[in-house]
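Me: Could you walk me through the salt bridges in this model, one question at a time? I am new to this, so please show the reasoning.

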Amino acid sequence: MEYAIITENDESKWDDKTGVLYHFPTKYINKLTSGTRVIYYKGTMKNKAYEDFRLTRFPHYFGVATIGEVHKDEENPKQYYAQILDFIPFDKHVINKDENNHYYEEVIRENHWRDGVRKISEEVYIKILSQTSHKVEKDVKGSNLVVEEKSLVKLEELNISVVDDIIIHTKKQPISNKEHRSSNPNKNSGVPRYSKNAKIIGDRAEEIVLELLKKEGMKEVVWVAQLSEKPGYDIKFIDIDGVEKYVEVKGTATKRFPNFILTMNELNSSERYRNQYYIYLVAESLSKSPKIQKICDPYSFFENNKWEKTPISYNITFVDDL
């Protein structure tokens, strides 16, 4: 397993999307291979305008993730994009020095901090993660951060907002085998995957939606997902006009959604209930200020070719010869 630090600046020419994509020059291509575990880093704040968008004005680490597929920038062959998987923001900033005022990273050059991508050892990786309130676990694939429910902010203390801009619209760009760098060339780079933190993020997103519905005064709210039922939605409720509504919740720890998984059952329910069916996208699900985008009648987006769906699994049956 490889480990690295990736730098994200407040002001940058790079097309980074925190927790989704990392944009970088060719010189780092051998440091950011598929499967590399990375820690996000920000340097000293230079412009006070960004103070509210940072955890601190000092140099610090602020999140952890895994590198997914890596491909060339279609507009610049000397630059690359790395897909970011399993992003988890730190619940508090981690200054780049320990309690003894020693850098966590091994600094052997004066211009060490100018490198946007820096290789680190597993030992350094674990030391940095250990400064958060979450748990560090080690398995056959290496060490990683596991979110613990007790570290999350109480629901009643959340600042939940409803927005309409957390979807990342993308253009379909086929990637040739020559330009595609991955330890698993058969993996679809556009497909989200499940991690150890997926369930807690999903459950937390549903709890946030329930909290919002309570504040909005909705009636007969039922958390269907907790009843071990799978009708194609997670929550149902009666709105202020007396109409029953059905909500499928999708959560992410990142600020925006590049895509999400929709099961066949959920797709069928969206077609059956139409404008009574909603998808609630919950961004920054683990933060104090989660954001929700409500999408009514998602099936209409497929009919109007606004959304594209891709099959990612098949049901296999065994057939005897006649």
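Me: Is Glu-216 buried, partly exposed or exposed?
Reply: Happy to help, and keep in mind that this is a predicted model. The relative accessibility of Glu-216 is 26%. Buried would need under 20% and exposed over 50%, with partly exposed in between. So Glu-216 counts as partly exposed.

Me: Which residue forms a salt bridge with Glu-216, and how many residues apart are the two?
Reply: The partner is Lys-294, and the closest N and O atoms are 2.9 Å apart. Glu-216 sits in the loop between α2 and β11, while Lys-294 belongs to strand β15. The pair therefore links distant parts of the chain, and because its relative accessibility is 31%, Lys-294 counts as partly exposed. The partner is Lys-294, and the separation along the chain is 78 residues.

Me: Where do Lys-214 and Glu-211 lie?
Reply: These two form a salt bridge, with the closest N and O atoms 3.4 Å apart. They are three residues apart, about one turn of the helix. Both lie in helix α2.

Me: Which counts as buried, Lys-214 or Glu-211?
Reply: Lys-214 has 58% relative accessibility, so it counts as exposed. Glu-211 has 9%, and the limit for buried is under 20%. The buried residue is Glu-211.

Me: Which residue forms a salt bridge with Asp-297?
Reply: Asp-297 is buried, with a relative accessible area of 14%. Its partner is partly exposed, at 26%. The closest N and O atoms are 3.0 Å apart, and the partner is Arg-274.

Definitions and conventions
Residues are numbered from 1 along each chain as its sequence is written. This is a predicted model: local features need pLDDT of at least 70, side-chain atom pairs count only at pLDDT 80 or more; totals for chains, interfaces and linings use all residues. Side-chain values use heavy atoms; hydrogens and water are left out. A salt bridge is a side-chain nitrogen of Lys or Arg within 4 Å of a carboxyl oxygen of Asp or Glu. Helices (H or I, at least four residues) and strands (E, at least two) are DSSP runs, numbered from the N terminus. Buried means under 20% relative accessible area, exposed over 50%, partly exposed in between (1.4 Å probe, protein chains only).
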